[in-house]
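Reader: Could you take a close look at one chain of this model for me, and then walk me outwards from there? I'm at the bench, so keep it informal and spell out any cut-offs you use.

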Amino acid sequence: MREERETPKPWKKTEVIGKPMPRVDAYERVSGSAIYPSDTSLPDMLYGAILRCPHAHAKVLDIDAREAEKMPGVRAVIKGDTNGASVEWPYLRGFKTKLFDLYCRHEGEEVAAVAAETPYQAWDAVKAIKVKYEILPFVVDERKALESGTPAIHAGGNRSGEPQTYERGNVEKGFGEADVVLEETYRTESELHTPMELHGCVARWDGDQLTVWESTQGVYAVQARVAEVLGLPLANVRVIGSYMGGGFGSKLQAGKYTIIAALLSKKTARPVKVFLTREETFLCVGNRPPSNMTLKAGVRRDGTLTALEFGCIGTGGAYPAGGTSSVDWLVRDLYQCPNVRTKLTDVYINAGPSRPCRAPGHPQGAWALEQMIDALAEAIKMDPVELRLKNIPLYSQAREGNPPYTSTGLKECLKEGAEAFGWNEALKKASEANARGGPLRRGVGMASGLWIAGGGGPPSTILIKLFSDGSLNLNMGASDIGTGTKTVMAMVVCEELGVPMRKIQIEHADTRTTQYATPSGGSKTVPTEGPAVRAAALHVKQQLLEMAGRELKTEADQLDLKNGEIVSTIDPTKKIKIANLSELKRQGVILGVGYRGPNPDKKVVNPFGAQFCEVEVNIQTGEVKVLRFLAAQESGRVMNRLTYDNQVVGGITWGVGLALTEARILDAQQTGKMVNRNWHDYKIPTALDVPAEVISLPIEPEDTEANTTGAKGLGEPVTIPTAAAIANAVYNAIGIRITRTPINPLTLCPLLARRRKEG
Amino acid sequence: MTKEVSMRKKKDENGHSRTGITRRGFLQLIGAGTAASAASPGLGAEPAREVTEPVEVTRLNLLINGRSHRLLVETRWSLLFVLREKLGLTGTKVGCERGECGACTVLIDGQPHYACMTLAVEAVGKEITTLEGLMKGEELGPVQQAFLEHDAFQCGYCTPGQIMAVEGLLRSTPTPSLEQIRRAVSGNLCRCGTYANIFKAAQRAAELRKA
């Protein structure tokens, strides 16, 4: 049972929190001594490889693995009818298929798997398995999925659930009150996460206990899925995460590969390593769904938004996977608007299932809404920053009961961001430069955003073990996915206990040895774990002061902890070093336990932001160069300025990818297969595609209600407005509104040519 | 079947020691000719003198971080596979195994190379340097130190490759311009997107190396 403890007051002045601190695990990461799951090597370990369906839609008629089984080094081949392999794989809404299903509804579905002494031998064997397929008609364009005559992917047709609708006010009346009404269609292409570390794991059985070393954002989520699929007690499944090489939402869950590794390991009674090839990660482990959006918006000459009507057709691929999740959220909640109607239609296509991708739905929604706001501003001859400032929301309009935000810095993000960027001068300079003509055109653009989550919440449990020499262990179930979670948590401990960072050792992301945690995603890890760490540290401090009180024969509430010493607040000569506490020496350790308390009642904790950028467009070649970016983000308190700024840099790179370079291309005409399933053909931003100048401008209103650290999430909010800001800057440069991603020479040149022709 | 590869050495025009095995010969044999575009400069210029099957096993010596390793390898094994899975040198990461991402960048005779596009047998007689080889005992090398100071990574998985690319750059160009830095790491993808910090770290590393 948890004893009642006082909720700690917000920090006023901080010693460590908010400062730029290099990561506690930086040495391990730059020296090569950090062992990632893909680096794991166990004695007697085998390597697995997966045979995948090469067709967009097919039925497996026969699998002949006899030759493969006899090949050198091959120790096991498993398929759907192998003993123990006939398990089910869950999707959303209770939908299930077989792990190796006879119906392959997208290219890359799992058909069989091999374990061999080397990965080379495993792949030799995969290639030797003979499969007879009945090739079925396919659909890979979500815009055609509901047309009559289109092949049905499931017995019930191609609708993935009923359309989701939302309505407030009276949209028709709102449009009637507007001075200007604009309507536009937008499309964002599907993006692939492709984190640098491939998806995969090493699995090993000890009797009926299974241990999995998995590259994951959440060890407990993987444990739950593996136990569910294999019918094992949770206690018998240990998942170890520790380091992981990026996920962006695609590693929130176990993969089919996790189950396959466990089955191969069971069959061979040896550890098995299954890491996917890069190509497989393009096909089978998630994507950001494509979004086909329509937006109609009404505004009065004074800048008052009167109505917004939004629709989106999206797809989570071949299974229920949230193909339109949160795409309408910004339309519903970013700006003050009394009349709003939205409709989301999620359909099935023969493509890999989507997974949450860095701010699900939001960058797509921003692409539509923030370009529309820009267009409305132009139509009523108002500055786009000004128009946004006119419509700052005072509370969450889209939530039941219109709850207020604990803090909203959107206004400050817009004002201070515009000033720091030099918005007005930049606009003027760009227009002067363009008036001089020439192939290179300058443009500036901006956009804003909010993130539906980012406040975190229970559950989280943290243990801190303070040793008698004053050093300590911090025990946390959460993964550090590269955002610097471990470092922030060490800083929280350091702030409360004064223990230097080098004396704090962190154990994390292991279901056997660390406490329960939800996966690191949704930009909620710092606001979830931070308060629990703070509570655990304060629990240690309280016990320490009580112990010192007994030793110094004084009351604990007359003592304070400073620089590793417990000092009397009344008589400063009365003091004792932590290392000299005889009771602690006898006891060995002080154990502090911290829990994440509840979020404030009837309040919303959301991060906000506004971004500004300058681009150069070559109207002869269609090339777009992003010259500089400024992100004014309001994510509550900045915990570590160094890792905070780094998230800003990374989020902007992601937005550059969505706006300018990334698009999944499926061959809709002939094969249904993905044609750019590698990093040569699917282009993620490189060092040559990003601005060298990225300015991070944190907006830090004091938020005393969000949680006991005052911090909100940053990783996702910072990539929400980015692509739209770039599109607005391109419009400013060349006067052509690009409503479809990606903006590249291929899409831009025809538009520029048409304009030249039309004069 | 084990077969001793001839270790006849000869100096090529650059003065580098060469074995009798060339990349082109192996690529022809294993039918991976399409990968030849990634062949290193100076390699593959001569016809094969030895003919082996890709699954044949051969003995060879690899000079890695100043230490000689005697190994039994299949001729088709990449240097990346041997480093990671046979020698446990997991500082070199695997990102694509097709020469796209640079996570496996190592120095071969001081020049950045993708270890996934290099067969182990090609690396015989050359000096291979991996991330681990930049350490001075337990102390970080200057490029590693600069990456730490400027937080030039998030998940850290592309980082070994980025560090090796910068190390290679600074060995040939001790005072690089921003443009030279951008180009030097343009073959190293960072999905976390921390490029702006990598540029700063490379500039800092150039200073640290001179200090």
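Author: Let's start with how chain B holds together: among its contacts with a separation of 6 or more, 58% join residues 24 or more positions apart. A contact here means that two C-beta atoms, placed from the backbone, lie within 7 Å. This is a predicted model, so local features need a pLDDT of at least 70 and side-chain atom pairs count only at pLDDT 80 or more, while totals for chains, interfaces and linings use all residues. Residues are numbered from 1 along each chain as its sequence is written, and chains are lettered from A and ligands numbered from 1 in the order in which they are written.

Of chain B's 211 residues, 53% count as buried. Buried means 20 or more other C-beta atoms within 10 Å of the residue's own, exposed means 12 or fewer, and partly exposed is in between, again with C-beta atoms placed from the backbone. Chain B has six helices and eight strands, and in sequence order they go β-β-β-α-β-β-α-β-β-β-α-α-α-α. Those are DSSP runs numbered from the N terminus: helices are H or I with at least four residues, strands are E with at least two.

Chain B splits into domain 1 (2-130) and domain 2 (135-210), with bounds from an automatic or database domain assignment. Where they touch, domain 1 of chain B brings 14 residues and domain 2 of chain B brings twelve residues. On the domain 1 side, strand S6 (105-108) and strand S7 (111-114) of chain B each supply at least two residues, and S6(B) gives the most, with three residues. That side of domain 1 of chain B has six nonpolar residues, seven polar and one charged. For those classes, Ala, Val, Leu, Ile, Met, Phe, Trp, Tyr, Cys and Pro are nonpolar, Asp, Glu, Lys and Arg are charged, and the others, Gly among them, are polar.

Now step across to the partner. The contact between the chains takes 46 residues from chain B and 45 residues from chain A. On chain A's side, the elements giving two or more residues are helix H1 (26-31) and helix H16 (641-661). H16(A) gives the most, with seven residues. By class, this side of chain A has 23 nonpolar, 17 polar and five charged residues.

Chain A itself is divided into domain 1 (26-34 + 456-595), domain 2 (37-136 + 194-284) and domain 3 (291-454 + 602-758). The C-alpha centres of its domains 1 and 3 lie 39 Å apart, and their contact takes 16 residues from domain 1 of chain A and 20 residues from domain 3 of chain A. On the domain 1 side, helix H13 (485-497) and helix H14 (525-552) of chain A each supply at least two residues, and H14(A) gives the most, with five residues. The class split on that side of domain 1 of chain A is six nonpolar, eight polar and two charged.

For a couple of single spots, look at Ala447(A), in strand S18 (residues 440-450) of chain A. Ala447(A) counts as buried because it has 29 C-beta neighbours inside 10 Å. Leaving aside neighbours within four places in sequence, its contacts include Ala366(A), Glu370(A), Gln611(A) and Pro721(A). In the loop between helix H12 (423-435) and S18 of chain A sits Gly438(A). Gly438(A) counts as exposed because it has 10 C-beta neighbours inside 10 Å. Gly438(A) and Gln620(A), 182 residues apart in sequence, are 9.4 Å apart from C-alpha to C-alpha.

There's a small sheet to find in chain A too: three strands in an open, antiparallel arrangement, in the order S6-S2-S8. Strand S6 (103-104) and strand S8 (130-135) of chain A are at the edges with a single partner strand each, so one side of each has no neighbour in the sheet. Strands pair if DSSP finds at least two bridges between them, and two bridges join strand S2 (residues 58-64) of chain A to S6(A). Opposite Ala58(A) you'll find Cys104(A), in S6(A).

Last stop is helix H18 (residues 745-758) of chain A, whose 14 residues reach 19 Å from first C-alpha to last, close to the expected 20 Å. That expected span is 1.5 Å times one less than the number of residues. H18(A) is hardly covered, with one buried residue among its 14 residues. Just after H18(A), Gly759(A) takes a positive phi of about 70°.
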